[in-house]
Amino acid sequence: APAARARALFEALATRARGAAVEAELAELLALGAEAHPAARAVLAGAHAPGVLVAGRVLLAGGAAEREAVAARLARPLAAEAALPLLEELLVRDPKLATPAWLAGLLELSDPSVRAAAARALEARLSPELLPALQVLFSSPRTNTRAAALELVGRLDDPLARNLLASRLG
């Protein structure tokens, strides 16, 4: 019965317009715990932003495998209204999952708010250990991605970062 209730709640969310309040459904789904996870995983794969947001938040409250599913979904195109809050919650709930390479990969996405959140997360972790992940982005076909990577590397006060910038700009 709890799994059926979870499916029914997600079906009701599918009819919601973007930006509609979903707090009541979220609270009930969170109360169902792991019983809601199968339905949440199914909805997470979709494109309907309110449903994906709620599904992601339900899964982020679960275990490591559920958080990994949300991280994988964030790496695919997703409306900013779902992607940005999920990214921010993932960074709080499982900062180790948000590796430098994964965050750097988010700079390649088309959504500017997600790119900005990823850049902020990278900046908060700024260290020479990020250089390999950022250097890969220097050859990105996206101008915004290359610029963000160069800016982050430029903020590092480190000889390796200076050499990397000199080789790229020289």
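1. Let me start with helix α4, since it is a good way into this predicted model. Of the 12 residues of α4, 11 are buried, so the helix is largely enclosed by the rest of the structure. The buried ones are A49, P50, G51, V52, L53, V54, A55, G56, V58, L59 and L60.

2. What surrounds α4? Its buried residues pack against α1 (2-13), α2 (23-32), α3 (37-44), α5 (64-74) and α6. You may like to colour those five helices when you look at the model.

3. The geometry of α4 is easy to check. From the first C-alpha to the last, this 12-residue helix reaches 16 Å, close to the 16 Å expected at 1.5 Å a residue.

4. Next, the core. The largest nonpolar core has 58 residues, and those with the most contacts inside it are L29, L74, L87, W102 and L103. Helix α4 (residues 49-60) supplies the largest share of this core, with eight residues. As background, nonpolar side chains in soluble globular proteins tend to be buried together.

5. L87 deserves a closer look, being among the residues with the most contacts inside that core. Which residues does L87 touch once its neighbours within four places in sequence are set aside? They are L74, W102, L103, L106, V114, A117 and A118. Three of these partners, L74, W102 and L103, are also on the list of residues with the most core contacts.

6. Now for a charged pair of names worth selecting in your viewer: D94 and R67. D94 sits in the loop between α6 (80-93) and α7 (100-106). Is D94 buried or exposed? Its relative accessible area is 14%, and because the cut-off for buried is under 20%, D94 counts as buried. The D94 side chain is joined to that of R67 by a polar contact of 2.9 Å.

7. Stepping back to the whole chain, there are 11 helices and zero strands. Read along the sequence, the pattern is therefore α-α-α-α-α-α-α-α-α-α-α, with helices and strands taken as DSSP runs. The C-alpha trace spans about 65 × 30 × 20 Å along its principal axes.

8. Finally, some totals that may help if you compare models. Buried residues account for 44% of the 170 residues in the chain. Among contacts between residues at least 6 apart in sequence, 61% join residues at least 24 apart. The accessible surface comes to about 8,400 Å², and carbon and sulfur atoms hold 58% of it.

Key:
Residues numbered from 1 in each chain as written. Predicted model: local features only at pLDDT ≥ 70, side-chain atom pairs only at ≥ 80, totals over all residues. Heavy atoms only, no water. Core = buried A, V, L, I, M, F, W, Y, C linked by side-chain atoms within 4.5 Å. Buried < 20%, exposed > 50% of the residue type's maximum accessible area, 1.4 Å probe, protein only. Helix = DSSP H or I, 4+ residues; strand = E, 2+ residues; numbered from the N terminus. Contact = heavy atoms within 4.5 Å. Polar contact = N/O pair within 3.5 Å; in protein donor to acceptor, adjacent residues only side chain to side chain. Expected span 1.5 Å × (residues − 1). Areas by Shrake-Rupley, 256 points an atom, 1.4 Å probe, with all protein chains shown as cover.
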